[in-house]
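Please open the structure in your viewer and keep the sequence panel visible beside it. This tour suggests what to select at each stop and tells you what is there.

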Amino acid sequence: MNKTFIILKHEFWKTLRSTSFILLTLSLPLLAILGVGIYQGVHHWYHPAAPQEEQIGYVDQTGVFGSYTSQPGVLFVLYPDEEQAKDALLAKDIKEYFVIPADYLSNGVVTRYTLSREVVPSTKTTGQITDFLLSNLLAGEVSPQVIERVKAPLLLDSVRLDETGEIAPGQDVASTYIVPIIFATLFIISIMFSSGFLFQSVTEEKENRVIEILLSSVSSGQLMVGKVLGLGAAGLIQVAVWFITFVIFSRVAPGIIPALGALSVPASLIGWGLVYFILGYLLLASLYAGVGSIGATAKEGQGWSTIIALPAISPIWFNYFLINSPEGAVSRVLTFFPLTSPVAAMMRLALHAISAWEIALSLIILAGSIALTMWFAAKVFRAFLLMYGKRPALREIIRYVREA
Amino acid sequence: MAELVDIVSRVGKANEAMNVVEVSRVSKSFKGVKVVDSVSFSIGQGEIFGMVGPNGAGKTTTIRMLMDIIKPDSGEIKILGEPINEAIKNRIGYLPEERGLYRKLTVSESLSYLAALKNMRRRLARERAEELLKRVNMLPHKDKKTDELSHGMGQLIQFVATILHDPELVVFDEPFAALDPVNTQLLKELILELRSQGKSVILSTHMMNQVEELCDRILMINKGQAVLYGSLSEIKSRYRNNSVFLECDRLPEGLPGVVGNKNHMKYMELFLDGRTSPQEVLSALISKGVTVGRFEVSTPSLNEIFIQVVKEGR
C-alpha cells in the first residue's frame, strides 16, 4: 500500500475517533434539535394575550373629524370638552387624548395629552392619529380606495433578474442575511478546526519525538501530504454532517418556526461549497503544516497560527460590505485575496451576487497560492522537523529553506 | 521455473558477499561548520558495528544521513547495494536517540502503525508484535496507552517497533540509555540474537563497555572525522603499550628485555623494550623458577583508547 495513503488513513481515523472532533461535529445537529425544542417549549407554554384595542380620546373643535373613528388597533372616542377627556384619562378609560383646535386647518397643530413619560411619541401612535386625520380630511373628496392608497402608497416587492432575464431566486430576508452568515460561520469553524487538528498533529509528533522514527520510514513530503489529506478528509466528513443537518433543518424548521421563512440551500451552493472548502482547507493546512514544523512545541507555534487565522475569519467582520454591496470594491478584493476568498466567495454565492469570471479568477488565484504554499511548506517541513532548539527568526527560516 | 529459482538464489548469494552499508567520503555542514568531514566506512552482513565518539562528534548526523533523513553535501551512501530509496527503507530498522511514542495510542496501535509504514502486512505485524512483546515481557501492557508506561517500558516498546518488520539492517542510537541492568542485559541478548540471524547492526553509544562486549568492528568519530576504524581486536593491539601484568611470588632481577616495572600493589606491570616478546619474558620467568599466578599482555580498554584519541585530537 502507498505510504502516503497509510498516513492518510491513520490520521483520518485518529481524528474521527478523537473526542473533540466528535463533540464539534455533533454540536450543530444537537444545537438545531435543541433550538427547535426550545422554540416549541416556549411556544407551548407561553401564550401572549391578544392585543387589546386601545382607546384614544379626542376633542374636536372644528367639527370635521366625526367618522373613521375605528382605525387598525385603535378606537378614537370623541369627548365634548377637554374637562371630560381629562377625567377619562385620569380614570384610565383612555390611553391618551388630543385636542384638534378650531384653527387646525390653517396650521395643523394638534395638542396631545398623555400620562406616560416619553421623549418622542411612538411612531405607532403618531401613525394611527395621522391615519385618522387623513381619512377624515379626505372623506367625501375621494373614494375610500384612494384614501387607503394615500395612507400606504408603497408596498415594495423587489424582483432581481439574472443575465438571461429569468427571475433570480433569493431576495427574502432569510436567504439574504441568514444563509450567508450561517454558511460562512460553519465554513470557517470547519476549516479552522481541520487545519487546527493538522497543526496539533504536526507539533505532537515533534513534541513526542516520533518524528524521527517516521522519517526513517517515509519522506517528509509523504508525511506532509498524508497528514494534509487525512485531516482534510475528516474535515469533509464534518462538513457533510453539518450540510445534511442544515438541509434537514431548512426543510423541517420553517414548518415549526414560521419566522424562519423559506430557508433554501440550492444544490449549486453545496457544489461550490465543496470546491471552496477543499481549496480553502488546502491553503490553510499547508500554511499550518509549515508553521507547525517550525516551533518545538505546540505553544510556540500558536502565535503564528493566530496570525494566519485572522485574515481567514475577516470576511465575517466585513459581512456588511459583502451583504449590502456584494459587487463593490471591498467584496471584490475579499473574493480575490486567497486567504479570504473561500469565505467571501461563499457568502456572495449564497447571495447569488457573483459572476462566473469572478469565481474563475478566485479559483485560479487560490490554486496558484496553494501550489506556492505547499512547495514552501514542504521545504520548511523538511528543514525544521528535526530541530528542537529555540524558535528561529524569520531570516533564519528563509536561509534554512534555501539550504534544504 | 527451476531456472528462475537458480537465478534468485545466485542473486541472493551475490548479496551476501556485498557490504550492507557502504559510505564513501561523506560530508555535511551546518551553518558553515563541518559536522561530518569526509567519513568512509563499510559494514558487512551479520556484524555488529560500533559507532563511538564524544558528544557532538557527528554520530547522529552520520546516522541520519544513512537513514535519508538529511542529505549529505557530498559523498556517496549505499545501503543493501543501492542508494537509499523507499523499498530500502522498509528493510531498515532505526531506533533514534531522540525517540518517543504516540501518547494517546495504545502499544498495539502504535506498533501496527509503525509496521504499516514499513509496508508490513497487518496480520503478520500483529503476530510478530505479540511474539516480541512476550519476549520483552511487555505483552500484558499491549492495550495500555503509552502515557501509562514508565520510561524504561516505553524504551522496550520502541525497541520492539525497531525490529518488528524483521529488518536486515538495524541502527540503534544509544539503545541502553535509561534502562535498568536487567533490561540492558535483555536488550544485549536480543542484539546478539539479531547477529546470529545474519542481520547487520549499527550500535552508536558512549558506553564503551557495551561496545567492547558486543561489537566486531568500530568507527570512532571525533569532530566529524573518522579517527579509528577497524576490528576491535586489531585496534586494541595497535594501542597496546608494550607491557605485561604479572602476579608472582617474587620478581627476579635481570629479566631480558624488561626495561622497568611498576608496582600496582596486587600485581606488577613490566615494561618491555619493544624487541622482546611477552612470550620470551614468560619463558625466562619460568626458567628462573618463579611461580606465576597471572600473566597477561596488557591491552588498554576501549575507554582508555577513546580518551587518549580524543585528547590527542585537541
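The stops below go from a whole chain to single strands, helices and residues, and then to the empty spaces. Bear in mind throughout that this is a predicted model.

**Stop 1: chain B as a whole**

Begin by selecting chain B and showing it as a cartoon, in which you can look for its 11 helices and 13 strands. If you switch to the C-alpha trace, you will find that chain B spans about 75 × 55 × 45 Å along its principal axes. Of the 314 residues in chain B, 48% are buried. Among the contacts in chain B with a separation of 6 or more, 68% are between residues 24 or more positions apart.

**Stop 2: a three-stranded sheet in chain B**

Next, select β1, β2 and β4 of chain B, which form an open sheet in the order β2-β1-β4 with antiparallel pairing. The edge strands, each of which pairs on one side only, are β2, covering residues 33–43, and β4, covering residues 74–79 of chain B. As you turn the view, follow the twist, which averages 25° from one strand to the next. Now add helix α2, residues 59–66 of chain B, which packs on this sheet and touches β1, β2 and β4 of chain B. The direction of helix α2 makes about 120° with that of β1(B).

How many bridges join strand β1 of chain B to β2(B)? There are seven, and these two strands run antiparallel, with β1 covering residues 21–30. To see one pair, select Val26(B) together with Val39(B), its bridge partner in β2(B).

**Stop 3: two residues with positive phi**

Stay in strand β1 of chain B and select Arg25(B), which has its place there. Although Arg25(B) is not a glycine, its phi is positive, at about 45°. Is Arg25(B) buried or exposed? Its relative accessible area is 58%, so Arg25(B) counts as exposed, the cut-off for that word being over 50%.

Then move to Asp166(B), which is found in the loop between α6 and β6 of chain B, where β6 covers residues 169–173. Asp166(B) is not a glycine either, and its phi is positive, at about 55°. With a relative accessible area of 40%, Asp166(B) is partly exposed.

**Stop 4: a buried glutamine in helix α6**

Select helix α6 of chain B, residues 151–163, and within this helix pick out Gln158(B). Because its relative accessible area is 9%, Gln158(B) is buried. Which residues are in contact with Gln158(B), leaving aside its neighbours within four places in sequence? They are Leu95(B), Arg99(B), Gly100(B) and Leu101(B). Show the side chains of Gln158(B) and Arg99(B) as sticks, and look for the polar contact of 3.5 Å between them.

**Stop 5: helix α4 and the second largest pocket**

Why is α4(B) described as largely enclosed by the rest of the structure? Seven of its 10 residues are buried, and so α4(B) earns that description. The buried residues, which you can colour together, are Val107(B), Ser110(B), Leu111(B), Tyr113(B), Leu114(B), Ala115(B) and Ala116(B). Their cover includes α1 and α8 of chain A, together with α5 and α6 of chain B.

Helix α4(B) also takes part in the lining of the second largest pocket, to which α1 of chain A and α4 and α5 of chain B each supply at least two residues. This pocket holds about 760 Å³ of space. Of the 23 residues that line the pocket, those nearest its centre are Glu109(B), Ser112(B), Tyr113(B), Ala116(B) and Arg122(B).

**Stop 6: paired strands in chain A**

Turn to chain A and select β1, residues 54–60, with β3, residues 74–79, which pair in the parallel sense over six bridges. Here Glu54(A) stands opposite Val74(A) in β3(A). Strand β2 of chain A, residues 70–71, pairs with β3(A) in the antiparallel sense over two bridges, and the bridge partner of Gln71(A) is Val74(A). The hairpin of β2(A) and β3(A) has two residues between the strands, and in this hairpin Gly73(A) takes a positive phi near 80°.

**Stop 7: the largest cavity**

Finish with the cavities of 30 Å³ or more, of which the structure holds three. The largest cavity has a volume of about 140 Å³, and α7, α9 and α10 of chain A each supply at least two residues of its lining. To outline this cavity, select its lining residues, including Phe183(A), Trp242(A), Gly273(A) and Phe277(A).

Key: Residues are numbered from 1 along each chain as its sequence is written. Chains are lettered from A and ligands numbered from 1 in the order in which they are written. This is a predicted model: local features need pLDDT of at least 70, side-chain atom pairs count only at pLDDT 80 or more; totals for chains, interfaces and linings use all residues. Side-chain values use heavy atoms; hydrogens and water are left out. Two strands pair if DSSP finds at least two bridges between them. Helices (H or I, at least four residues) and strands (E, at least two) are DSSP runs, numbered from the N terminus. Axes are lines fitted to C-alpha atoms, for helices over the stretch in contact, and angles run from 0 to 180 degrees between N-to-C directions. Contact means heavy atoms within 4.5 Å. Buried means under 20% relative accessible area, exposed over 50%, partly exposed in between (1.4 Å probe, protein chains only). A polar contact is a pair of N or O atoms within 3.5 Å; within protein, one must be able to donate a hydrogen and the other to accept it, and residues adjacent in sequence count only if both atoms are side-chain atoms. On a 1 Å grid over the protein atoms alone, a cavity is a set of points where a 1.4 Å probe fits but cannot get out, and a pocket is an open set with protein on both sides within 12 Å along at least five of seven lines; lining residues have an atom within 4 Å of a point. Grid points are joined across faces, edges and corners, and a volume is the space filled by probe spheres set on the points.
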